[in-house]
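Dear colleague,

I am handing over the structure we spoke about, with its sequence, so that you can look at it alongside my notes. Please open it first and then read on.

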Amino acid sequence: MRIGICDIKEDSLNAVKETIEQNLDQNECECEILTFSQKEELINFLEIQSLDLLFLDMEPDGAACVEAARRILRIWPVLPLVFMEEKPECFSEVYRVAHCFYCLKGQVGEYMSFILELVKKQKAIQKEHLVVTNKGTNLVIRIPEIFYLERVKRITRLICQDETVETSVELGMLEKELGRDDFVRCHNSYVVNLNYMKEYRRNEIVLRGGMKIPVSRRYQEETREKVKKWIG
């Protein structure tokens, strides 16, 4: 698990980090903790990498924090957010944006086990669903209904049983969000759901219905190993 903490105050940032580390040790959880002192720094990071859980400081401006949270959720719509502050001064602001928890910084240790359980339950739900952003709207797609994903210029297309969904989210990010053994990156522009594979050749995958997906030289070995493992 990768946890992020964003707090403009270095002392409270380090205190929250230490509290989380102690709690993770007690729960025997392996985790990487990343710290950010500025929200722009955090957002720039999230544009190229992901987090499994984020603790976001509400200070010094609750409204600005909520706006930052909205920007973050446009990048990663299902990222669990925990709002925190020293004193309960901005708690009413948190209801303006989706989040999984709110607490005072001094309560992080007390609620950490509960927060981790919430994240675990959310991930269990996400295993069957993928949330993508399209023109400011979050769309929930059942993963088993996705045939394949295709990147065309700056748009990623999700070809599903009953619809085609387009999003600006990069193919690599969606591949990480899927995180499943039955999806394989076989080309710089394609990710395929192996459950719909009819034939596999060294340089292409044929889906049921006849659609041929190319397997590029770069991904041939990875594709072969993943197909072999999936077939069992």
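What follows is a short account of what was found, going from the whole chain to two of its sheets and then to a pocket.

Please keep in mind throughout that this is a predicted model. The protein chain holds 6 helices and 15 strands, and its C-alpha trace spans about 60 × 40 × 25 Å along the principal axes. Of the 232 residues in the chain, 44% are buried. Among the contacts with a separation of 6 or more, 53% are made by residues 24 or more positions apart.

The sheet of five strands

One open sheet has 5 strands in the order β10-β9-β8-β12-β11, and the pairing in it is antiparallel. Its edges are taken by β10 and by β11 (183–187), and because each of these has a single partner strand, one side of each is left without a neighbour in the sheet. From one strand to the next, the twist averages 20°.

Within this sheet, strand β8 (residues 146–152) is joined to strand β12 (residues 190–193) by 3 bridges, with the two strands running antiparallel, and L149 stands opposite V191 of β12. On its other side, β12 pairs with β11 in the antiparallel sense over 4 bridges, where H187 has Y190 in β12 as its bridge partner. The connection between β11 and β12 is a hairpin that passes through 2 residues. Although β11 stands at an edge of the sheet, this strand is mostly covered, with 4 of its 5 residues buried.

The sheet of three strands

A further open sheet is formed by 3 strands in the order β13-β14-β15, again with antiparallel pairing. Here β13 (197–201) and β15 (212–214) stand at the edges, and since each has a single partner strand, one side of each is left without a neighbour in the sheet. Neighbouring strands of this sheet are turned against each other by 20° on average, if direction is ignored.

Strand β14 (residues 204–207) runs antiparallel to β15 and is joined to it by 3 bridges, and in this pair I205 stands opposite I213 of β15. Helix α6 (residues 220–231) lies across β13 and β14, and the helix runs at about 135° to β13.

The second largest pocket

The last point concerns the second largest pocket, which has a volume of about 320 Å³. It is lined by 16 residues, of which R74, I75, S168, V169 and E170 are the closest to its centre. Three elements, α3 (62–75), β6 (129–134) and β10 (164–167), each supply at least two residues of this lining, and α3 gives the most to it, with 3 residues. Sorted by class, the lining of this pocket has 5 nonpolar, 4 polar and 7 charged residues. The pocket also leads back to the sheet of 5 strands, since β10, which contributes to the lining, is one of the two edge strands of that sheet.

If you go through the model in the order used here, you may find it convenient to begin with β12, which has β8 and β11 as its neighbours in the strand order, and then to turn to α6, which lies across β13 and β14.

With best wishes

Terms used. Residues are numbered from 1 along each chain as its sequence is written. This is a predicted model: local features need pLDDT of at least 70, side-chain atom pairs count only at pLDDT 80 or more; totals for chains, interfaces and linings use all residues. Side-chain values use heavy atoms; hydrogens and water are left out. On a 1 Å grid over the protein atoms alone, a cavity is a set of points where a 1.4 Å probe fits but cannot get out, and a pocket is an open set with protein on both sides within 12 Å along at least five of seven lines; lining residues have an atom within 4 Å of a point. Grid points are joined across faces, edges and corners, and a volume is the space filled by probe spheres set on the points. Ala, Val, Leu, Ile, Met, Phe, Trp, Tyr, Cys and Pro count as nonpolar, Asp, Glu, Lys and Arg as charged, and the others, Gly among them, as polar. Two strands pair if DSSP finds at least two bridges between them. Axes are lines fitted to C-alpha atoms, for helices over the stretch in contact, and angles run from 0 to 180 degrees between N-to-C directions. Buried means under 20% relative accessible area, exposed over 50%, partly exposed in between (1.4 Å probe, protein chains only). Contact means heavy atoms within 4.5 Å.
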